[in-house]
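Please look over the sequence and the structure below before reading on. The report then takes up a few topics one by one.

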Amino acid sequence: MTGKRVRPAEASHEQVAASLTSSVSVHYEDLLAPVYAWMMGGAEAAIARGREELAQAGLLDGRIRYAVDLGAGFGMHSIPLAQTGARILAIDSSALLLKELDAHASGAGIVLAQDDLRRFARHLHDRPDLVLCMGDTLAHLPDRSSVRKLVTTVAERLAPDGRFLVSFRDYSVTREGTDRFFSVRSDEQRLLTCFLEFGAETVRVHDMLHEFREGAWQMRVSAYRKLRLAPQWVEAQFEQCGLTVTTVVGPPGMVRFLGTRA
Ligand SMILES: C[S@@+](CC[C@H](N)C(=O)[O-])C[C@H]1O[C@@H](n2cnc3c(N)ncnc32)[C@H](O)[C@@H]1O
C-alpha cells in the first residue's frame, strides 16, 4: 500500500470510520464468513427462521415489490422475500457470503452488490417498499453518526408507506467476569466461542474458532468492534427521520423495530 501513514491522533473521523469498517470485513474474511452458515445452524434452517421472522413482521403477503437487504449475508431474509415475487438488492461486503447467497437463491430475482452498505443508495433503481438490516448488522457500523446517517438515507429513499426492519442485539447492559464468555455453536469438528470486552460505547467481540484438522484441534482468534446500541436511542433515530416505530417480538436478547414512513 502506498500513501501517508496516519497516526491515530491525526486521523480524521472519516479515516477512523473507514478503518473500523475494514476491521469488520477483515474479521469476516479471516474467520467468520466461511463458518457463518454453520454458526447459524446451517443455511436451510436459517432461511426457514428468516422466513418466520419476516412473516411475524407481516412482510410476506406478496405486496413487497422491491426490497433492499443491507448486510444480507448468505440470504436468510433475501431468499424467502424473493420467493414471494419481490425484486431484491442484496448488499454485503463479503464476497464469500454473497456467493453462498447466489448458490442458495437458485435463480430468484436477487441482484447482488459487494459494497459498503452505507453506499446502498447508489445501487438503487427504484424506491424500495422495504429495507432490511438484520442480525445485528447495524451494530457493525463504525459509529453512531453512521447509524444516524443510514437511517436518514433509508427514510429519504423509501417509497411512501415503505418500511425499514432492523434487528440488533441489546448490549446496553455490561456483562462482567465469566458472563462475558459464551459458546456460540459446537459439534465434533468445530467449536465457536465468543468473548465480549465491554467499553463505554462499543463492545469488542473476540471469536475463538477451534477446528479439528488432521487429528488435532487448531485454534484461530479474531476480533472486531460492535456498537452498543440502546433500543431507545435507535427508536429515537427512526422517529426523528419520520419513521413510525412498531416493536416486533423476536428471540430474547435481540430487538426488532419496524419503521414505517408516514
Ligand atoms: C451479523 S451478519 C448478519 C447477516 C444477515 N443479515 C443475517 O441476518 O444473517 C452481518 C453482515 O453484514 C455484513 N457487513 C458488516 N458491515 C458491513 C458494511 N459496512 N457494509 C456491507 N456489509 C457489511 C457482514 O459481511 C455480514 O454478512
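What follows describes the ligand site, the cysteines and one glutamate.

This is a predicted model, in which local features need pLDDT of at least 70 and side-chain atom pairs count only at pLDDT 80 or more, while totals for chains, interfaces and linings use all residues. Residues are numbered from 1 along each chain as its sequence is written, and side-chain values use heavy atoms, with hydrogens and water left out.

**The ligand**

The ligand is surrounded by 20 residues, where a residue counts as near if one of its heavy atoms lies within 4 Å of the molecule. The closest are Gly71, Asp92, Ser93, Leu117 and Gly135. Helix 1 (residues 13-32) supplies the largest share of this shell, three residues; helices are DSSP runs (H or I) of at least four residues, numbered from the N terminus. Sorted by class, the shell has eight nonpolar, nine polar and three charged residues. In this sorting, Ala, Val, Leu, Ile, Met, Phe, Trp, Tyr, Cys and Pro count as nonpolar, Asp, Glu, Lys and Arg as charged, and the others, Gly among them, as polar.

The table lists polar contacts of the ligand, meaning pairs of N or O atoms within 3.5 Å.

| Ligand atom | Protein partner | Distance |
|---|---|---|
| oxygen | N or O atom in the side chain of Asp92 | 2.6 Å |
| nitrogen | polar backbone atom of Ser93 | 3.1 Å |
| nitrogen | polar backbone atom of Leu117 | 2.8 Å |

On its own, the ligand has 590 Å² of accessible area, and the protein covers 98% of that. Accessible areas come from the Shrake-Rupley method with a 1.4 Å probe.

**The cysteines**

A disulfide is a covalent bond between the sulfur atoms of two cysteines. Here the cut-off is a pair of cysteine sulfur atoms within 2.5 Å, and the structure holds zero disulfides. Cys133 is in no disulfide, and the nearest cysteine sulfur is that of Cys241. Why is there no bond from the sulfur of Cys241 to that of Cys133? The two sulfurs are 14 Å apart, which is too far for a bond.

Cys133 is buried, with a relative accessible area of 0%, whereas Cys241 is partly exposed at 25%. Buried means under 20% relative accessible area, exposed over 50%, and partly exposed in between (1.4 Å probe, protein chains only).

**Glu235**

Glu235 sits in helix 7 (residues 231-240) and is partly exposed, with a relative accessible area of 30%. Apart from its neighbours within four places in sequence, Glu235 is in contact (heavy atoms within 4.5 Å) with Val245 and Phe257. Phe257 is 22 residues from Glu235 along the chain, and their C-alpha atoms are separated by 7.6 Å.

Technical notes:
Helices (H or I, at least four residues) and strands (E, at least two) are DSSP runs, numbered from the N terminus. A polar contact is a pair of N or O atoms within 3.5 Å; within protein, one must be able to donate a hydrogen and the other to accept it, and residues adjacent in sequence count only if both atoms are side-chain atoms.
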